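Biologist: Please take a close look at one helix of this model and at what surrounds it. I would like a connected account rather than a list.

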Amino acid sequence: MNPLLASAPPPPGIEIFERILAAPAGLILLEGCDSPALVEQFRAIVRRSGQAVYLWQPDLGLGNLVDAHARVPGSQRLGAALRYMQQSMHFGVYLLMGLEPPLSAMDSTLLRQLAKPPAGHVRRVVLLDASPALVDHLGDMAFHLKGQPDAPLRPRLRDGRWLVA
């Protein structure tokens, strides 16, 4: 086989990204991952794929991963960012980093509404670096997803595509 025609292995983070998209709920609690490294991996994936992935941080607000300077105005407050996510009618993965309890009643209500799987389009809200108090507060409202699989998966080449299964 010509080495130029061989497929490259999947970029790091793609397996986690695909598991986020396949999750049965709209609110995902990602546990056991290196969040800054994962955000950078997602940034590389988004640049290649063109997917709409956003990152919310309390001091910066909601911004697109592809263009670090493209921010949603007035989204520094969690409630405003959650309302923006809820009203969006397009595909989107929203990463929330640095979310600290206690949450206001309105923020909890918005998270509960976002936890329901959307009917038409894919919208996922992913909580990164959640504190134990926040995990307890959310209870079973959020779908729990491990950042790293239990056993390391080896990629296999099948029909010209790399598969991890």
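Modeller: What follows describes helix α3, then its neighbouring helix, then the sheet. The model is a predicted one, and the description is to be read with that in mind.

Helix α3 spans residues 78–87. Its buried residues are Leu78, Gly79, Ala80, Ala81, Leu82 and Met85. The cover over these buried residues of α3 includes one helix, α4 (105–115), and the strands β2 (53–57), β3 (61–64), β4 (92–97) and β5 (123–128).

Take the helix partner to begin with. The axes of α3 and α4 are 10 Å apart and meet at an angle of about 25°. Angles under 35 degrees count as roughly parallel, and α3 and α4 are therefore roughly parallel to each other. The crossing of α3 past α4 is left-handed. On the α3 side, the contact is made by Leu78, Gly79, Leu82, Arg83, Met85 and Gln86. On the α4 side, Met106, Asp107, Leu110, Leu111, Gln113 and Leu114 take part. Sorted by class, this contact between α3 and α4 comprises seven nonpolar, three polar and two charged residues. Leu78, Gly79, Leu82 and Met85 appear among the buried residues of α3 and also in its contact with α4.

The sheet is the other neighbour. Helix α3 lies across β2, β3, β4 and β5, and runs at about 165° to β4. The sheet itself is open and has six strands in the order β3-β2-β4-β5-β1-β6, with mixed pairing. Its edge strands, β3 and β6, each pair on one side only. On average, neighbouring strands are turned by 25° against each other, direction ignored.

At the β3 edge, β2 and β3 run antiparallel and are joined by four bridges. Within this pair, tyrosine 54 has asparagine 64 in β3 as its bridge partner.

Towards the β6 edge, the strand to consider is β1 (residues 27–31), where four of the five residues are buried. Strand β1 runs parallel to β5, and three bridges join the two. Here leucine 27 stands opposite valine 125 in β5. Strand β1 also pairs with β6 (residues 143–146) in the parallel sense, over four bridges. In that pairing, leucine 29 stands opposite histidine 144 in β6.

To return to the helix: β5, which pairs with β1, is also one of the strands that α3 lies across.

Conventions
Residues are numbered from 1 along each chain as its sequence is written. This is a predicted model: local features need pLDDT of at least 70, side-chain atom pairs count only at pLDDT 80 or more; totals for chains, interfaces and linings use all residues. Side-chain values use heavy atoms; hydrogens and water are left out. Buried means under 20% relative accessible area, exposed over 50%, partly exposed in between (1.4 Å probe, protein chains only). Contact means heavy atoms within 4.5 Å. Two strands pair if DSSP finds at least two bridges between them. Axes are lines fitted to C-alpha atoms, for helices over the stretch in contact, and angles run from 0 to 180 degrees between N-to-C directions. Angles under 35 degrees count as roughly parallel, over 145 as roughly antiparallel, 65 to 115 as roughly perpendicular and the rest as oblique. A crossing is left-handed if the near helix is turned anticlockwise from the far one by less than a right angle, and right-handed if clockwise. Ala, Val, Leu, Ile, Met, Phe, Trp, Tyr, Cys and Pro count as nonpolar, Asp, Glu, Lys and Arg as charged, and the others, Gly among them, as polar.
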